[in-house]
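Trainee: Could you take me through one part of this model slowly, then work outwards from there? I'd like to follow it on screen as you go.

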Amino acid sequence: TTMKKSISVGASSPVNGRQDWDSKRRRKTAEISQALSVSPVDVAALRRMAISEGGLLTDEIRCQVWPRLLNVPPQVLDQEPVDRENNKDYNQVLLDVQRSLRRFPPGMPDEQREGLQEELIDIILRVLKRNPQLHYYQGYHDIVVTFLLVLGERLATALVEKLSTHHLRDFMDPTMDNTKHILNYLMPIIEKVNPEVHDFMQQAEVGTVFALSWLITWFGHVLSDFRHVVRLYDFFLACHPLMPIYFAAVIVLYREEEVLECECDMAMVHHLLSQIPQDLPYETLISRAGDLFVQFPPSELAKEAASHESMATSTFKDFELASTQQRPDSVLRRRRRQKQSALEGSAANSVVAVAQPSAARRFVRLAVMGLTVALGAAALAVVNTALEWAPKLDLFP
Amino acid sequence: MQNNHHKEHLYKILVIGDLGVGKTSIIKRYVHHNFSPNYRATIGVDFALKVLNWDQETVRLQLWDIAGQERFGNMTRVYYREAMGAFIVFDVTRPASFEAVTKWKEDLDSKLTLANGKHVATVLLANKCDQGRDVLTNNGIKMEQFCQENGFVGWYETSAKENINIDEAANCLVKHIMASENDMLQSEVPDTVTPQLEKDKGGTCSSCFRSQ
C-alpha cells in the first residue's frame, strides 16, 4: 500500500507541496507506529518505511526502528567497563576520535562533545574486545559516532556490535582484500547504466579508491549534514549489505557530465570524484540505487566484479553467507517453507519450488523499470533480494 | 627541448608516514596556506595540486596524501606509481611514529624506483615541532647521520600549525627531483649539459644534501 502512495508524486505549488509533505509525514509516522505496535513487530513494513521517501523521519523514531531492522532486542544489558590501558587498539582509536570533531553538531558545548567522544572510544573498544576476530579500521569511528548520536551509548553499542559482525564484517578482516573486492562491484554497475562513463574512468585508470571512504563509513565520513547521513543509514540498514556500493555508483552516474568533461587523467578524475557534492538529491538517488539493485543484483555482477581482479571464490561465498543473515523475516519464513516442501516433495516438486522465484523476479523487475524514478521503488529491492537468494536453500541450516 | 624557458614540469610527490603525524595538515598548509586542528583522518588517498614558479619554469606538484593506517597499504600502494619524490613525516612528540620512519622508507624503496634504477628523492619531516622536540633531543639521534644512513636527501623540523619550514622542505625536495630528472636525461643523452645544482632557491638549505 505504501508503494502506491509514494508513486503519485505530482507537480504542485510550494505551499501545496509543503502541506502534501506534512500530511505524508503524519501518515508515515502513524504507519510506523502501527508496524511497531503489532505483535510480532512488522519488520517488513519498517524496512519499507526506512527505504521510502524521507526514511524514518526523526531520531526518536530511529531509536525504535533501527534496533528492529537489525533484530536487536530493545532491552540492552549494562555494559562492562573498558580497560583502555591494556587495549591494543586504544592509541589508534584515540587518534581518530580526537580528529572526529566535525562529526558532532556545530553548536554542541565542548564539555558535552568531549563526554560523547569518551563514550565513542568506549563503544569501539568494547565491541573490539568482545569480538577478537574484528579488526579496527579508520572510518569505523565514523560509523559508530552516527549510532552514538542517534541512540546513546547503550543501544549504540548493541547495534554497532550487530552491524560489525554482519554488514561491516568484510571491512573488519585482518586485511582489506574483501573490501577491495566489494569495491570491484562499482565499475560493472556503472558500465551497465552508462558505458561511456565506465570507459572514460577505465581509460583514466582512476580505480575505485575514491569510493573507499564512502563504502566503509556509509558516507558518514564525507557528508557534512548529519540529516543526510542518518537518512542514508535508514536506507542501508534496511537493505542488502552491498547497497552502499550501488549508491556510490548512482552518485558517479549522477555526475556523468562533470566526469566526462574532466581531464582524462587518474589524478584529476580521482580528485573530482572524491569531492562529493553536498547538495545531492538524496531521495531520488536512493530510489535510483534501489532500481539498479533490482535490475542488476549482486549475483549478476559477481562474475564481472571478480574478473576486475582475481580473488578467491571462497571469499565471495563467505560474503554471500554473511548476506543471508540480513534477510527480512518474511523471506526467512518463506525460505523455510520452501525448504520444507523441497524436503517433503519429490524431485519434481523441488524443481518447481526453485523455479518459482525467478519467474516472480522477472515480474518484479518489469514493474520497477516501468516506475522510473518512483520514490520508494527501492522498497521492492528488498523483496527482490529475497527472491534472488531463495533458491540457495542449502545456505540456510 | 633545449630551450628551458616556459618549460613545464609535473612532479608527483607522495606524503607518507604513520597516522596522525600531520600529513594532511602539511599539505593544506603548503597548498591552501591555512591550518585547522580539525582535519579528519584520511581514508584511502587524497590529492592536491600546487603550482610553483621556479626560475623561468612552471612546476606543478601533485601531492598525494596517503592514509597512515597500515591496513590500507595494499589499496594505496598503487598510487606510488610514477612518483618522483616523497615526504616521510613523523610526529616529534610521538617516538613510535619516528620508529616507523625506516619501515615507511623501506616500503617506499621496495615499491618504487626511477627509470635509472635509483630511489626517488625523499625528505624527512619532523612535524609538530611547535609542540616540543622530545624525540629529537631525548634519544640523542643524530639526524644528519640518520638521513644519510637511510637514504633521505634532507630533513626539516616542521610545523604545519605555525608554518615553519614547509616551503623550505618542499623547495629542497623539488630541487632534488629536478636534479635526478636531469641525471636521468643525462644518462639517456650524454651530450646534454648538466645545470648547476647549487643554484640556490628559497634561502639556505643547511640540512639539505645530496643523496649520492
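Mentor: What follows starts at one loop residue and then moves to its surroundings.

Quick housekeeping on labels: residues are counted from 1 along each chain as its sequence is written, chains are lettered from A and ligands numbered from 1 in the order in which they are written. You're looking at a predicted model, where local features need pLDDT of at least 70, side-chain atom pairs count only at pLDDT 80 or more, and totals for chains, interfaces and linings use all residues, while side-chain values rest on heavy atoms, with hydrogens and water left out.

Go to Gly139(A), which sits in the loop between α6 (110–130) and α7 (140–151) of chain A. Helices here are DSSP runs of H or I with at least four residues, strands are runs of E with at least two, and both are numbered from the N terminus. Is Gly139(A) buried or exposed? Buried, because its relative accessibility is 0%; the cut-offs are under 20% relative accessible area for buried, over 50% for exposed and partly exposed in between, using a 1.4 Å probe and protein chains only. Set aside the neighbours within four places in sequence, and Gly139(A) is in contact with Ile216(A), Thr217(A) and Ile43(B), where contact means heavy atoms within 4.5 Å. Gly115(A) is 24 residues away in sequence, and its C-alpha is 20 Å from that of Gly139(A).

Now hop to Ile216(A), which belongs to helix α12 (residues 212–217) of chain A. With 0% relative accessibility, Ile216(A) counts as buried as well. Beyond four places in sequence, its contacts include Tyr137(A), Gln138(A), Phe171(A) and Met176(A), and from chain B there are Ile43(B) and Phe72(B). Ile43(B) is thus a contact of Gly139(A) and also of Ile216(A).

That brings us to chain B, where an open sheet of six strands runs in the order β2-β3-β1-β4-β5-β6 with mixed pairing; two strands pair if DSSP finds at least two bridges between them. β2 (45–54) and β6 (154–157) of chain B are at the edges, each with a single partner strand, so one side of each has no neighbour in the sheet. On average, neighbouring strands are turned by 25° against each other, ignoring direction.

Look at the pairing of β2(B) with β3(B): it is antiparallel, over 10 bridges. Phe47(B) stands opposite Trp64(B) of β3(B). Two residues lie between the strands of this hairpin, in which Asp55(B) has a positive phi near 55°. The parallel pairing is shown by β1 (residues 8–17) and β4 (residues 85–91) of chain B, joined by five bridges, and Leu14(B) has Ala86(B) as its bridge partner in β4(B).

Chain A also reaches this sheet: its helix α16 (residues 266–274) lies across β2 and β3 (57–66) of chain B, at about 125° to β2(B). Angles run from 0 to 180 degrees between N-to-C directions, with axes being lines fitted to C-alpha atoms, for helices over the stretch in contact. From chain B, helix α1 (residues 23–32) packs on the sheet too, touching β1, β2, β3, β4 and β5 (121–127), with its direction making about 155° with that of β3(B).

Back to α6(A), the helix before our starting loop. The axes of α6(A) and α5 (residues 90–98) of chain A come within 10 Å and cross at roughly 145°. Among the residues making this contact are Tyr90(A), Val93(A) and Leu94(A) of α5(A), with Leu120(A), Ile121(A) and Ile124(A) of α6(A).

Zooming out, chain A has 22 helices and zero strands, and 55% of its 397 residues are buried. Of its contacts between residues at least 6 apart in sequence, 78% link residues at least 24 apart.

Last, some backbone details. Most residues other than glycine have a negative phi, and most peptide bonds are trans. Ser39(A) and Pro40(A) are joined by a cis peptide bond, with omega about 0°; Pro40(A) is in the loop between α2 (14–37) and α3 (43–51) of chain A. Leu57(A) has a positive phi near 70°, lies in the loop between α3 and α4 (59–69) of chain A and is buried at 13% relative accessible area.
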